[in-house]
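I opened the model today and kept notes as I went. The entries follow the order in which I looked things up.

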Amino acid sequence: MTPPSLWQPLNLGRLELPHRLALAPMTRNRANPDGTPGERVAEYYAQRASLGLLITEGTQPSDDGQGYLNTPGIYTPEHIEGWRKVAEAVHDEGGHLFIQLMHVGRISHPDNTPHHRQPVAPSAISAEQDMFTAEGPKKTPVPRELSVAEIQDVIGEFRHAAASAIAAGADGVEIHSANGYLLHQFLAPNANQRTDSYGGSIENRARFVIEVARAVAEEIGADRTGIRVSPAFPLGGLDEGDTEAVRAQYSYLVGELAKLELAYLHVHHLGDDELLRSFREVWPTAVLVVRSGRERDTIAADIDAGLADVEPLGRFALANPDVVERLRTDAPLNDLDPATLYTGGAHGYTDYPALTPAWPPRRDGGANLTPAPATPSRPSDHHVSRSWVP
């Protein structure tokens, strides 16, 4: 059975959460071609509403922010209407919705964006990553370096996207400053070689992230704003230096962000517990932690160690819409079908089986479960250039 600490309620920003689990943000590529989330997206999130706090997949704040095919946006009236249906479906099931704002920066290809323009980034340095397009994998091109004026425009896009999320009925937003995307690119010396006020020193490389967070908090309220970081995570070709360099960069960044009193800090953690503990000491509100490769028997370990308040779930939640009940009752979990993560449609998205009302196990030893979808033997090509699923 999971530790009692997992089932303690928590106040997070304006929300009252029933326990310490949440849905981690994960790209699923099920939006309509124009970036509007459809009915199936609403069904997917509503199925997982028992997790309490649902952090959505990365959602672009502009045309420039899109990297992958069929990812959602939150900057047009159509996007707002689509997300309103998602928010209503989640609220009807008792859950709360934070929309993750993700600008991919250089992790993009012109074939995948509405305007088919060159990607933008802190510096004109290619990520040299494979990007899946409608014509198959292609290398990410050399991006265009943002001017200082354009950086201010991007900050405005985040502000507008946050306001649009609240207009759609979402409970808040999470700013994506992790996993190799635009804000993370500004933090990494090998991606940010600027010589102006947004590059060079630790303070300058953190400036853009802090300004985005401040703008979003001013727009919708700090208590409806979270932010995600992933220190030393090498996705997207980023290299943030040795351990001491990473600690110096993130100690400064998190210390400055702490002054904004955001609703939470979400850490995609690679194992530097000393750094994580330093975050915990300065952060005034909730800390969420996702650990790479965390197994079922270690869920709640960071809470019990005093390192986290909430432990978001990734693959466990994808394959088990009722993962909260399964963990409460020590029921078996469905296995994730990795070949269907990004393929579109209901299979591997909304068709994972839930426990029947007859759980716990039958007296004959069998489990009252509908069979899980079969797992294909070969991974899909859609795995190209995706964030790791926690």
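**Entry 1: a glycine in a strand.** I started at glycine 172, which is found in strand β10. The model is a predicted one, and I read it as such. Is glycine 172 buried or exposed? Its relative accessibility is 0%, so I put it down as buried. I then listed what glycine 172 touches, leaving out residues up to four places away in sequence. The list reads Leu97, Phe98, Ile99, Ile166 and Arg224.

**Entry 2: from one glycine to another.** I checked glycine 172 against glycine 221. They are 49 residues apart in sequence. In space, the C-alpha to C-alpha distance is 8.8 Å. Glycine 221 follows helix α5 and has a positive phi, near 105°.

**Entry 3: helix α5.** That led me to α5 itself, residues 202-220. I counted 19 residues and a reach of 28 Å from first C-alpha to last. This is close to the 27 Å expected at 1.5 Å a residue. Where does α5 bend? I found a bend of about 35° at phenylalanine 208. Phe208 is also among the buried residues of α5. Others on that list include Asn204, Arg205, Val209, Ile210, Val216 and Ile220. I looked up what covers them: the cover includes α3 (148-167), β10 (172-177), α4 (182-187), β11 (225-229) and α6 (243-258). My starting glycine sits in β10, one of the elements in that cover.

**Entry 4: helix α6.** I went on to α6. Its 16 residues should span 22 Å at 1.5 Å a residue, and the end C-alpha atoms are 22 Å apart, so the two values agree. Which residues of α6 are buried? I noted Val246, Arg247, Gln249, Tyr250, Leu253, Val254, Leu257 and Ala258. Their cover includes α4, α5, β11, β12 (264-269) and α7 (273-282). So α5 has α6 in its cover, and α6 has α5 in its own.

**Entry 5: two asparagines.** I looked next for positive phi outside glycine. Asparagine 29 has one, at about 55°. It lies in the loop between β3 (21-23) and α1 (39-47). At 6% relative accessibility, asparagine 29 falls under the 20% cut-off, so it counts as buried. Asparagine 70 also has a positive phi, about 60°. Its place is the loop between β4 (53-59) and α2 (77-92). Asparagine 70 counts as partly exposed because its relative accessibility is 28%.

**Entry 6: a hairpin.** I turned to β7 (residues 130-133) and β8 (residues 136-139). How do they pair? They are antiparallel, with four bridges. A hairpin of two residues joins β7 to β8. The bridge partner of threonine 133 is glycine 136 in β8.

**Entry 7: the whole chain.** I ended with the overall values. The chain has 10 helices and 14 strands. A compact globule of 390 residues would have a radius of gyration near 21 Å; I read 20 Å for the chain, which agrees. The C-alpha atoms fill a box of roughly 70 × 50 × 40 Å along the principal axes. I noted that 58% of the 390 residues count as buried. Among contacts between residues at least 6 apart in sequence, 69% join residues at least 24 apart. The accessible surface comes to about 14,600 Å². Carbon and sulfur atoms hold 49% of that surface.

Methods: Residues numbered from 1 in each chain as written. Predicted model: local features only at pLDDT ≥ 70, side-chain atom pairs only at ≥ 80, totals over all residues. Heavy atoms only, no water. Pairing = 2+ DSSP bridges. Expected span 1.5 Å × (residues − 1). Bend = angle between axes of the 7 residues up to and from the residue. Buried < 20%, exposed > 50% of the residue type's maximum accessible area, 1.4 Å probe, protein only. Contact = heavy atoms within 4.5 Å. Rg over C-alpha atoms; globule rule 2.2 N^0.38 Å. Areas by Shrake-Rupley, 256 points an atom, 1.4 Å probe, with all protein chains shown as cover.
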